[in-house]
Amino acid sequence: MKKILIVILIATAVSVLFLLKFKDEETTKVFKQDELSKIGYNIDEINLINSTLDQSSINIILEHQYINNLKDILDNPDFKKENLDSYLELMNNTDLNVQEIIYIINNDYYVTGITYNDKVVEIIKNKYCIKDYLKRYVNYYNKNTDLDINKVISNVNANLDYEYYTNTSSVDLSKGNLVLVNKYYKLDKNYVPDDLVTIESKYGNTRQMKKEAYEAFKIMFEAAKKDGLHFYIASPYRSYSYQQTLYNNYVKSDGKKNADTYSARPGYSEHQTGLAVDLMATGTTTLNEFGGTKEYEWLIKNAHKYGFILRYPKDKEDITGYIYEPWHYRYLGVDIATKVYESGLTYDEYYAYYIR
Ligand SMILES: [Zn+2]
């Protein structure tokens, strides 16, 4: 008898608890319905919300204004519950379509402080867009609205949204032959390449350059010779202090502003890597003549096959930060030199997108 009483008591308690809970849920649902309809959702939308979303997602919806195509978001195959808050924020603040918004959020292109519009979408969809740079692209575009998006992206990738010699960082030496040295990437004062070799006099200036680049140069030299052409190394590796002297002399004779267009400041010269050479053609007396020689014609067609690229091309002055230098070649190895050549990009841009 006592046992039966206990069982009845427990059963009653469970039922009461269950009823209380059920009642509570009903109240909540009604409460949320009121809230949702207060924002502007109609009964169909509320039913959709209640059937698709859990309580925490519904609370997120309640934190935003009414969205007339909420259904399109919830029905989208790429919809992710955890991104709901961000979807709604962009829906409320832009004219972008649902597909674009879902793409932006799902792929982490959402950066606070950017006003999203068609231009931002165009930037994101560009082949050379680097996700981390999105805010910089947008800021740069806002200051240069006459530029097309391709140009905006290539300029920012080459750091041109910063003044030359500002926002500089150390050269990433772990990249080996693929290091980038320019007006934003600096070599240490004490950096000396570890495998410099002395150049034989038949190849030009008997100073030094990096062994791998030198071996490649020799093969290129012989190939050109077979075609009846002859160029030689006028300037190979330069130490930090050598570059310092060179630059200071140019500043003295030509002024800092001019010197900066053709001479690197110490630490910012590719020549310090031992991977760059200035070439001259036999029979000429200055670097400036090189662009008019058959040797140059041959090199712009063939240098990449031996691992070298023309580093400061014509019409890319604004990207490289240097005047057109038909005489300056940079060793990258055949694979990457060929890819850079075929891409039509400067190495500054190529590095940002593919190497960095
Ligand atoms: Zn040079």
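How much space lies in the largest cavity? The answer is about 50 Å³. This is a predicted model, and every value below was computed from it.

**Cavities**

The count comes to 2 cavities of 30 Å³ or more. Start with the largest cavity. Its lining includes Tyr 133, Asn 157, Ala 158, Asn 159 and Leu 180. Asn 182, Tyr 185, Asp 348, Tyr 351 and Ala 352 also line the largest cavity. Sorted by character, the lining holds 6 nonpolar, 3 polar and 1 charged residue. Which helix gives the largest share of this lining? It is helix H16 (residues 347-355), with 3 residues.

Now take the second largest cavity. Its volume is about 30 Å³. Among the residues around it are Ala 158, Leu 160, Tyr 164, Asn 182 and Lys 183. Tyr 184, Ile 319, Thr 320, Gly 321 and Asp 348 line the second largest cavity as well. Here the lining divides into 5 nonpolar, 3 polar and 2 charged residues.

Some names appear in both linings. Ala 158, Asn 182 and Asp 348 line the largest cavity, and Ala 158, Asn 182 and Asp 348 line the second largest cavity too.

**Domains**

The domain assignment gives domain 1 (1-77) and domain 2 (169-355). How far apart do the C-alpha centres of domain 1 and domain 2 lie? They lie 69 Å apart.

**Salt bridges**

The structure holds 18 salt bridges. The table shows three of them, with the distance between the closest N and O atoms.

| Lys partner | Acidic partner | N to O distance |
|---|---|---|
| Lys 38 | Glu 35 | 4.0 Å |
| Lys 218 | Glu 200 | 3.8 Å |
| Lys 339 | Asp 335 | 3.4 Å |

Take the pair of Lys 38 and Glu 35. Both residues lie in helix H1 (residues 2-39). They are 3 residues apart, about one turn of the helix. Is Lys 38 buried or exposed? Lys 38 has a relative accessible area of 67%, so it counts as exposed. Glu 35 has 27% relative accessibility, so it counts as partly exposed.

The salt bridge between Lys 218 and Glu 200 has its closest N and O atoms 3.8 Å apart. This pair links distant parts of the chain, 18 residues apart. Lys 218 sits in helix H10 (residues 211-226). Glu 200 sits in the loop between strand E3 (196-198) and strand E4 (208-210). Why does Lys 218 count as buried? Buried means under 20% relative accessible area, and Lys 218 has 17%. Its partner Glu 200 is partly exposed, with a relative accessible area of 40%.

Next come Lys 339 and Asp 335. Both lie in helix H15 (residues 334-343). They are 4 residues apart, about one turn of the helix. Lys 339 is partly exposed, at 40% relative accessibility. Asp 335 is partly exposed too, at 48%.

Which residues are linked in a network of salt bridges? They are Glu 270, Arg 311, Arg 330 and Asp 348.

**Drawing it together**

Look once more at Asp 348. This residue belongs to the network of salt bridges with Glu 270, Arg 311 and Arg 330. Asp 348 also lines the largest cavity and the second largest cavity. Find Asp 348 in the structure, then trace the residues named beside it.

Methods:
Residues numbered from 1 in each chain as written. Predicted model: local features only at pLDDT ≥ 70, side-chain atom pairs only at ≥ 80, totals over all residues. Heavy atoms only, no water. 1 Å grid on protein atoms, 1.4 Å probe; cavity = no way out; pocket = protein on both sides within 12 Å on 5 of 7 lines; lining within 4 Å. Points joined across faces, edges and corners; volume = space filled by probe spheres on them. Helix = DSSP H or I, 4+ residues; strand = E, 2+ residues; numbered from the N terminus. Nonpolar A, V, L, I, M, F, W, Y, C, P; charged D, E, K, R; others polar. Domains from an automatic or database assignment. Salt bridge = Lys/Arg side-chain N within 4 Å of Asp/Glu carboxyl O. Buried < 20%, exposed > 50% of the residue type's maximum accessible area, 1.4 Å probe, protein only.
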